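Let's take a walk through this structure together, moving from charged pairs to the overall layout and then out to the surface. Have the sequence and the model at hand as you read.

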Amino acid sequence: MRLALSPAFLLAGLAAAQAETPKDPSGTWLTGDGRAKIQIDHCGSNQHLVCGKVVWLKVPTTDAGAPRTDIKNPDPKKRARPVLGLQLIEGLRPDDGKFSGQIYNVEEGKTYDVSMERESESELSVSGCLLKILCGSQTWTRVPGVNQQASNKN
């Protein structure tokens, strides 16, 4: 009886370990407010981390027609950086079924603790906190990549 149970426990342990592996969030995602698209890819030396950058903005320029920049960054030297192409997510780590780390919010110039979990093929749950008390979440929706959109218009 003991031998018969051992493989069952082994299989149960493997299933639990697989359940904790986060679903790959790679792709292009429209933020919950619809103002930006973020391209998420694997990064790091072993490609086990997750990074993301801005690839599209609903309003890419200021009223004066200049490209939007990181004007609220607390570091004055970074305020001239264009938002388009800016890395907001850097090095999120796999963590119990999701990816966790930090995300930079350009609109506020603040960095938040964040976790991302792919809910389905088309939805990514993004939850963030500042100082572990000011928290919020939103659902990002998968969209075609910016290059895919351009080729679909031809």
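Which side chain meets that of Arg-35 in a salt bridge? The partner is Asp-33, with 3.0 Å from N to O. Please keep in mind as we go that this is a predicted model. Both members of the pair have some access to the surface: Arg-35 is partly exposed with a relative accessible area of 42%, and Asp-33 is partly exposed as well, at 41%. The pair also belongs to a wider arrangement, for Asp-33, Arg-35 and Glu-107 are linked in a network of salt bridges. As general background, side chains of opposite charge can pair when their charged atoms come close.

The count of salt bridges in this model comes to five. Let's look at Glu-121, which lies in the loop between strand 6 (110-118) and strand 7. Glu-121 is exposed, with a relative accessible area of 53%. One of its salt bridges is with Arg-118, where the closest N and O atoms are 3.6 Å apart. Arg-118 has a relative accessible area of 16%, so it counts as buried. Glu-121 forms another salt bridge with Arg-142, and here the closest N and O atoms are 3.8 Å apart. Because Arg-142 sits in strand 8 while Glu-121 sits in the loop before strand 7, this pair ties together parts that are 21 residues apart in sequence. Arg-142 itself is partly exposed, at 26% relative accessibility.

Now step back to the chain as a whole. How many helices and strands does it have? There are two helices and eight strands, and reading along the sequence gives the pattern α-β-β-β-β-β-β-β-β-α. The eight strands therefore follow one another between a helix at the start of the pattern and a helix at its end. Of the 154 residues in the chain, 31% are buried. Among the contacts between residues at least 6 apart in sequence, 41% join residues at least 24 apart. The accessible surface comes to about 10,000 Å², and carbon and sulfur atoms account for 55% of that area.

Two buried residues in the strands give a closer view of the packing. Tyr-104 has its place in strand 5, and its relative accessible area of 11% is why it counts as buried. Leaving aside neighbours within four places in sequence, Tyr-104 contacts a series of residues on the earlier side of the chain, including Asp-70, Lys-72, Asn-73, Pro-74, Arg-81, Leu-86 and Leu-88. On the later side, its contacts include Gly-109, Lys-110 and Thr-111. For a sense of spacing, Tyr-104 and Val-114 are 10 residues apart in sequence, with 9.5 Å between their C-alpha atoms.

The other buried residue is Ser-125, found in strand 7. Is Ser-125 buried or exposed by its relative accessible area? With a value of 18%, it is buried, since the cut-off for that class is under 20%. Not counting residues up to four places away in sequence, Ser-125 touches Ser-115, Met-116, Glu-117, Glu-119 and Gln-138.

Two of those contacts, Glu-117 and Glu-119, lead us out to the surface. Together with Asp-95, Asp-96 and Glu-123, they form a negative surface patch. Within this patch, Asp-96 lies in the loop between strand 4 (87-95) and strand 5 (98-105), and its 58% relative accessibility is why it counts as exposed. The backbone of Asp-96 deserves a look too: its phi is near 50°, a positive value in a residue other than glycine.

A positive phi also turns up at Gln-47, where the angle is near 60°. Gln-47 is found in the loop between strand 2 (36-43) and strand 3 (49-57), and at 44% relative accessibility it counts as partly exposed.

Our last stop is a surface patch of another character. Leu-131, Ile-133 and Leu-134 make a nonpolar patch of about 370 Å². Leu-131 is found in the loop between strand 7 (123-130) and strand 8 (134-143), and it is exposed, with a relative accessible area of 68%.

Methods. Residues numbered from 1 in each chain as written. Predicted model: local features only at pLDDT ≥ 70, side-chain atom pairs only at ≥ 80, totals over all residues. Heavy atoms only, no water. Patch = residues over 30% accessible without salt bridge, like charges linked within 9 Å, V, L, I, M, F, W, Y side chains within 5 Å. Areas by Shrake-Rupley, 256 points an atom, 1.4 Å probe, with all protein chains shown as cover. Salt bridge = Lys/Arg side-chain N within 4 Å of Asp/Glu carboxyl O. Lys, Arg positive; Asp, Glu negative; His and termini not counted. Charge placed at Lys NZ, Arg CZ, Asp CG, Glu CD. Helix = DSSP H or I, 4+ residues; strand = E, 2+ residues; numbered from the N terminus. Buried < 20%, exposed > 50% of the residue type's maximum accessible area, 1.4 Å probe, protein only. Contact = heavy atoms within 4.5 Å.
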